[in-house]
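Student: Please pick a single part of this model and give me a close look at it, then follow the thread outward to whatever else helps me read the structure. I'd like one connected walk rather than a list.

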Amino acid sequence: FHHTSTSHLCSCRKTISDEKYQDPFQLGRKDLKNLYEDIKKELLVSAAELKEMCDYYFDGKGKAFRPMIVVLMARACNIHHNNSKEVQASQRSVAIIAEMIHTASLVHDDVIDDANSRRGKRTLNQIWGERKAVLAGDFILSAASVALARIGNTTIISVLTQVIEDLVRGEFLQLGSKENENERFAHYLEKTFKKTASLIANSCKAVSILGCPDPKVHEIAYQYGKNVGIAFQLIDDVLDFTSCADHLGKPTAADLKLGLATGPVLFACRQFPEMNAMIMRRFSKPGDVERARKYVLQSDGVQQTTYLAQRYCHAATREIRKLRPSPEREALVHLTEMVLMRDK
């Protein structure tokens, strides 16, 4: 994973060629209109408290990053297949389901991590308590499953239920740690795929299946989503060391406090082998978190993790360029740059 030269990593700047540049958020906006209202319709529930909890994160203030990728991928695949300019209702449903699964996983993650802030506000578990937060997450997941069944396509059900399995397996991977250094990095990347990238990869694959019969296109959509998803999490792990808490909307060095060794830590460990013992005891001794943070910032861990994210973004760009040119395809290319440039 080590690189000395950066010249080949910066070619992502020269992207927009055959189509006029399109802002992904502008382009995806029309298909995401009323997204959160539609999610709330899926969550119709008589118990006032449960309704309040479910509505809490679906307040329309999220970036809707995942649904946006899904609708752009749907359009790109539809145009590639038969030049259709419309997003099918079933494809839009996949975008809604993806956001519901994602949010349910955040609710459960916050309980597991005993987190007290998310997206700049208090977590469900802080306000309503752990038990009710777990049940709210379960309820959102069950509503997503009902919406998924309504699509009525067994292949799509199979693809998207894989996401839920991966989320659980990823959480279990996160609870374990590896002694061997090389195994440790593989373990980290597998956990990153299962907890973050699987949702994007399989949602992209699902809309490509609904829009185009060609298995090659399904693979392109899947690989794009997988690579963007891994890059997104790598940058997230970088921001945990470089961004301030107010800007990020959650506490910084949060992963270290949870005992997690992310990319910047694993790279730093190669320069500072004394971090090995800290990683194995999950930064549990007094002063471990602060020392580890210092080591990371003294090392090239942040830079190396960013390089790695760039490589995944280049792989995503290579994949999506196999589709026929369209504004949506170019927006998906540009999205890889936005993932790398984001600061929260």
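**A turn after a helix, and what surrounds it**

Tutor: Let's start at D114, which sits in the loop between α5 and β1. Keep in mind as we go that this is a predicted model. D114 is not a glycine, yet its phi is positive, at about 55°. That is worth a second look because most residues other than glycine have a negative phi. The position along the chain is easy to find: D114 comes just after α5.

The loop on the other side of α5 offers a companion case. N83 is found between α4 (65-82) and α5, and N83 is another residue other than glycine with a positive phi, near 60°. With a relative accessible area of 41%, N83 is partly exposed, because its value falls between the 20% and 50% limits.

Now look at the helix itself. Helix α5 covers residues 89-113, and at 1.5 Å a residue its 25 residues should span 36 Å; the C-alpha atoms at its ends are 36 Å apart, so the expected span and the model agree. Most of this helix is covered, with 20 of its 25 residues buried.

I96 is a good residue to zoom in on, since its place is in helix α5. Its relative accessibility is 7%, so I96 counts as buried. Leaving out residues up to four places away in sequence, I96 touches L35, D38 and I39. For a sense of scale, I96 and P215 are 119 residues apart in sequence, and their C-alpha atoms are 24 Å apart in space.

On the far side of the D114 loop we reach strand β1 (residues 117-118), where R118 lies. R118 has 15% relative accessibility, which means that this arginine counts as buried. Its side chain is joined to that of D110 by a polar contact of 2.7 Å.

Which residues make up the nonpolar patch on the surface? They are I112, V168, F172 and L175, and together they have about 430 Å² of accessible area. Helix α8 (residues 154-175) supplies the largest share of this patch, namely three residues. V168 has its place in that helix, and at 47% relative accessibility V168 counts as partly exposed, because 47% is not over the 50% needed for exposed.

While we are on α8, turn to a charged pair there. R169 and E165 form a salt bridge in which the closest N and O atoms are 2.7 Å apart. Both residues lie in helix α8, four residues apart, or about one turn of the helix. R169 is partly exposed at a relative accessible area of 47%, and E165 is partly exposed too, at 37%.

Helix α3 (residues 48-57) has a pair with a like spacing: K51 and D55 are four residues apart, so about one helical turn separates them. Their side chains meet in a salt bridge of 2.7 Å, N to O. Here the two partners fall into separate classes: K51 is partly exposed, with a relative accessible area of 37%, whereas D55 counts as buried at 19%, because the limit for buried is under 20%.

Further along the chain, E330 forms a salt bridge with R321, the closest N and O atoms being 3.1 Å apart. E330 is buried, with a relative accessible area of 0%, while R321 counts as partly exposed at 29%. Another group of charges forms a network: salt bridges with shared partners join D38, K41 and R92. You have met D38 already, as one of the residues that I96 touches. In total, the count comes to 18 salt bridges.

One last stop takes us to a helix with a good deal of cover. Helix α13 (residues 263-271) has seven of its nine residues buried, so the rest of the structure largely encloses this helix. The buried residues are G263, P264, V265, L266, F267, A268 and C269. They pack against several helices, including α9 (181-211), α10 (215-242) and α16 (301-320).

How values were computed: Residues are numbered from 1 along each chain as its sequence is written. This is a predicted model: local features need pLDDT of at least 70, side-chain atom pairs count only at pLDDT 80 or more; totals for chains, interfaces and linings use all residues. Side-chain values use heavy atoms; hydrogens and water are left out. Patches are made of residues with over 30% relative accessible area and no salt bridge: like charges are joined within 9 Å, nonpolar side chains (Val, Leu, Ile, Met, Phe, Trp, Tyr) within 5 Å. Accessible areas come from the Shrake-Rupley method with a 1.4 Å probe; for residues, only the protein chains shown count as cover. A salt bridge is a side-chain nitrogen of Lys or Arg within 4 Å of a carboxyl oxygen of Asp or Glu. Helices (H or I, at least four residues) and strands (E, at least two) are DSSP runs, numbered from the N terminus. Buried means under 20% relative accessible area, exposed over 50%, partly exposed in between (1.4 Å probe, protein chains only). The expected span of a helix is 1.5 Å times one less than its number of residues. A polar contact is a pair of N or O atoms within 3.5 Å; within protein, one must be able to donate a hydrogen and the other to accept it, and residues adjacent in sequence count only if both atoms are side-chain atoms. Contact means heavy atoms within 4.5 Å.
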